[in-house]
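Subject: A structure for you to look at

Hi,

Here is the structure I promised to pass on to you. Have a look at it first, and then read on for what turned up in it.

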Amino acid sequence: MSMIEFRKEFFRDERDDNLNEIGKPTRRQDILGHVTGRSPFYDDHLFEGLLHIRCARSPHHHARIRRIDVSEAERSEGVVRVLTGKDVPRNLNTLLSLLDFGLDDEPLLAETKCAYKGEPVAAVIATSEAAARAAVKKVRVDWDVLPHVLDVEEAIRPGAPTVCEVYPGNKFVYHGKYDHQKLRYGDVEAAFRQADHIVEGRYQMSPIEQAPMETCGAIAAPEVNDRYVCYTGTQALFFSLGTAAKVLSMPSSRLHFVGGTVGGGFGGKVDSIHEPIAILGAMLTGKPCKFAWDREEEMQVGAPRGAERWYLKDGVMKDGRIIARQFTGYFDSGAYTRLSSYAIIKGVGHLPGPYTIPNVSANVYCVYTNRTPATAMRGFGITGVDFAIEAHMDKGAEAVGMNPIEFRILNAYRDGDMKAHRREAKNCALVECCQVVAEKAGVRLSGEAAAAASTKGGGGERGRLPAHTVTDQDGRVEGIDTGGYARKGGGASVSVPTPPRPAAPQYQSAPTPAPQQAAPTPAPPPAPDAARKGALRFSSLSGFRRR
Amino acid sequence: MAKKPVTFTLNGRESAAFAEEGQNLLDFLRRSVGDLSPKYGCGQGGCGGCTVLIDGEPHLSCLTLAEAAAGRKVETASGLATGPVLHRLQEAFMERFAAQCGFCTPGMLVSAKALLDRNPRPTREEVIEALSGNLCRCTGYEPIIEAVLDAAGERARA
């Protein structure tokens with residue numbers, strides 16, 4: 001356990017707490033339950049007369065639903081009820097609507113079409129899992145197979161099939177304005193003209209399944225107080241509670257969620273699909289209902305870490321300095337948004353990686369394809385592009401004939417440098433990490449690289465914003481209501497009718513100083529009048545907002 | 001559906017319950033008997049989360065018919081402790097931080113117990129071999145191996 005070495009001198013701006021726990025062996029508070037087999041995972045709650053739910057799924061990547069016939073399935077032995085989209089009170093949702101981000105785009109159970117192979121169209125509720133499996137095969141769907149698209153760049157070409165009607169260009173729309181996330185810092189084109197080398201690369205990763213040992217699932221049962229209890233393996237208990245309350249159009253006070261014991265998640269247990277279906281089953285049958293994926297479903301329809309494709313272009317000087325870096329990125333969101341739009345915000349905030357580069361530009365697209373929707377997985381939004389960046393760093397080092405570790409040390413952030421997203425770099429320590437790596441790998445560094453330090457040579461000119469940053473309006477989207485990008489129905493193309501909902505609170509920007517004022521002054525405290533909705537909050541998704 | 005009574009020994013105690021036709025031992029133990037320590041991870045014999053011992057040998061209960069337990073000695077992780085006294089494997093797992101989410105832990109423990117019962121002083125390679133059918137997705141294999149070796153060491157001294 002003594003393998004961790006703390007070099008706090010490089011983190012002098014951080015909290016100076018003494019670390020009492022990290023690096024020392026300690027007992028988990030839940031370990032006794034784990035070693036005695038008594039930790040209460042969601043499926044360890046037994047119910048008399050438990051009903052089992054399994055879904056009938058699309059065999060096609062993309063197909064319109066002409067008709068769903070569940071009559072034979074309903075007559076199948078042991079079947080209590082068959083749910084379709086018509087049974088879902090509010091059958092259109094996007095996960096991040098709870099954060100007021102994005103348009104509702106995904107049904108719980110598809111009604112008009114399926115946009116990925118494995119999308120659920122009906123949920124059979126039966127007295128045993130075997131009976132549910134048998135009945136699922138008897139759900140008849142009259143399909144009208146549509147052309148599909150499985151590649152991010154093909155999906156955004158003119159004439160490509162529309163994957164998700166809410167976003168007709170197959171691209172998520174950010175802030176109601178742009179079909180991609182932009183980062184602009186300095187002028188990459190001018191720098192490319194001055195660079196000694198131009199280094200280009202294309203990087204592609206595959207989707208990655210979280211593959212938790214415990215598959216996703218939930219059990220819901222009516223309580224005797226007009227509430228429903230829901231035992232769930234969710235990683236995001238309140239997120240799942242909010243989502244269930246929304247799609248079931250019921251106050252969350254009628255839902256009693258029990259969770260927190262999760263058999264591995266790694267991001268794959270935030271999508272809140274099982275809870276609303278299990279609760280809906282309990283509502284419509286009056287019986288406890290379990291909805292769980294088997295391993296095949298976990299692998300096939302469980303949302304993975306999405307695939308990413310990156311194009312990188314660097315302008316590099318002979319001495320190894322990177323003077324410009326340009327990114328074009330495509331996140332494969334699959335058929336619906338889930339969390340990919342947010343992954344990109346994280347990713348763009350991370351660019352151009354931990355290196356001080358005076359000219360940076362990025363266009364990053366959240367693209368819809370007829371693949372399984374993607375979602376969270378450990379460091380999603382960062383991991384994929386870091387793979388691209390670090391592979392590209394090796395390529396850059398090769399172009400100038402430098403040792404790749406020295407190339408990184410030369411370009412690494414120093415304390416006091418300005419990052420491309422206009423925050424000062426602090427507590428960097430990348431130089432020191434590189435030096436330790438070199439030592440452990442037996443790589444002899446040049447005197448200059450060995451003497452470098454993250455605390456030396458930063459700031460000054462490197463800490464200033466560029467004198468000029470080139471901006472553009474590429475990808476500007478017209479026709480989407482910009483008054484509130486998250487307002488439901490705000491997209492001009494939204495054609496799916498949504499059931500009426502209680503009036504949502506209207507959010508207002510913070511009061512801004514009058515234009516004639518010479519210098520900005522702090523906003524006055526809001527008057528305690530009817531317009532006040534709550535405390536001002538900052539979110540990386542939407543900036544300053546009033547709750 | 002015809003139900004059959006199955007009488008067997010569960011963690012040293014006589015036990016009996018009705019098994020449904022075709023019911024696997026995992027479902028039988030969890031739903032009919034009420035021992036929730038074996039876990040469903042894949043239902044295909046691929047992950048080892050459902051491992052139980054039958055007459056001392058590790059078996060994947062998801063691929064074993066409930067009736068196969070009739071008249072046999074079945075051991076699960078819930079029977080490892082003797083009253084409030086934990087098995088030394090359990091102590092070692094706690095000490096070595098050999099569990100994160102805990103879902104694979106019951107299967108790991110019984111596979112390790114089968115190993116130590118037949119080979120009280122296993123080598124590291126023998127521990128790895130004995131646990132090779134048990135997957136851990138939190139990837140805590142190293143502390144798990146260390147915990148089993150620790151438990152074996154204690155046993156030798158005791």
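Let me start inside chain A, with helix α9. Its residues A:S340, A:S341, A:Y342, A:A343, A:I344, A:G347 and A:V348 are buried. The elements covering these buried residues include β7, β14 (322–334), β15 and α10 of chain A. Please keep in mind throughout that this is a predicted model.

After α9 (340–350) comes a loop that leads to β15 (360–368) of chain A, and A:P352 lies in that loop. The peptide bond from A:L351 to A:P352 is worth a look on your screen: this bond is cis, with omega near 5°.

One of the elements covering α9(A) was α10, and α10 has a packing partner of its own. Two packed helices are described by the angle between their axes and the distance between the axes. For helix α10 (residues 383–400) and helix α11 (residues 404–411) of chain A, the angle is about 105° and the axes are 9 Å apart. Angles of 65 to 115 degrees count as roughly perpendicular, so α10(A) is roughly perpendicular to α11(A). On the α10(A) side the contact is made by A:M393, A:D394, A:G396 and A:A397, and on the α11(A) side by A:P404, A:F407 and A:R408. By type, these residues divide into four nonpolar, one polar and two charged.

Next, two residues with unusual backbone angles to find, one in each chain. In chain A, A:H175 has a positive phi of about 55° although it is not a glycine. You will find A:H175 in the loop between α4 (152–155) and β7 (181–185) of chain A. A:H175 has 15 C-beta neighbours inside 10 Å, so it counts as partly exposed.

In chain B, the residue to find is B:D55, with a positive phi of about 50° although it is not a glycine either. B:D55 sits in the loop between β3 (51–54) and β4 (57–60) of chain B. With 12 other C-beta atoms within 10 Å, B:D55 is exposed.

Now to chain B as a whole. How many helices and strands does chain B have? There are five of each, and along the sequence they follow the pattern β-β-α-β-β-β-α-α-α-α. The radius of gyration of chain B is 15 Å, close to the 15 Å that the globule rule gives for 158 residues, so chain B is as compact as a globular protein of that length. Its C-alpha trace spans about 50 × 30 × 25 Å along the principal axes. Of the 158 residues, 51% count as buried. Among the contacts in chain B with a separation of 6 or more, 58% are between residues 24 or more positions apart.

Helix α3 (residues 105–118) of chain B makes a nice check on geometry. At 1.5 Å a residue, its 14 residues should span 20 Å, and the end C-alpha atoms are indeed 20 Å apart, which agrees. α3(B) is mostly covered, with 10 of its 14 residues buried. Those buried residues include B:M108, B:L109, B:V110 and B:K113.

Another residue to try is B:I145, in helix α5 (residues 141–157) of chain B. With 19 other C-beta atoms within 10 Å, B:I145 is partly exposed, because a residue needs 20 or more to be buried. Leaving aside residues up to four places away in sequence, B:I145 touches B:R124, B:V127 and B:I128. B:I145 and B:L131 are 14 residues apart in sequence, and their C-alpha atoms are 8.4 Å apart in space.

Finally, where do the two chains meet? 23 residues of chain A are in contact with 30 residues of chain B. On the chain A side, the largest share, four residues, comes from helix α1 (residues 31–35). The residues on that side divide into nine nonpolar, seven polar and seven charged.

A good residue to click on here is B:Q90, in helix α2 (residues 88–95) of chain B. Is B:Q90 buried or exposed? B:Q90 is buried, with 25 other C-beta atoms within 10 Å. Not counting residues up to four places away in sequence, B:Q90 touches A:V35 and A:T36 from chain A, and B:L80, B:A81 and B:L109 from chain B. The C-alpha atoms of B:Q90 and B:E57, 33 residues apart along the chain, are separated by 19 Å.

Enjoy exploring, and write back with any questions.

Best wishes

How values were computed. Residues are numbered from 1 along each chain as its sequence is written. Chains are lettered from A and ligands numbered from 1 in the order in which they are written. This is a predicted model: local features need pLDDT of at least 70, side-chain atom pairs count only at pLDDT 80 or more; totals for chains, interfaces and linings use all residues. Two residues are in contact if their C-beta atoms, placed from the backbone, lie within 7 Å. Ala, Val, Leu, Ile, Met, Phe, Trp, Tyr, Cys and Pro count as nonpolar, Asp, Glu, Lys and Arg as charged, and the others, Gly among them, as polar. The radius of gyration is taken over C-alpha atoms; the globule rule is 2.2 Å times the number of residues to the power 0.38. The expected span of a helix is 1.5 Å times one less than its number of residues. Axes are lines fitted to C-alpha atoms, for helices over the stretch in contact, and angles run from 0 to 180 degrees between N-to-C directions. Angles under 35 degrees count as roughly parallel, over 145 as roughly antiparallel, 65 to 115 as roughly perpendicular and the rest as oblique.
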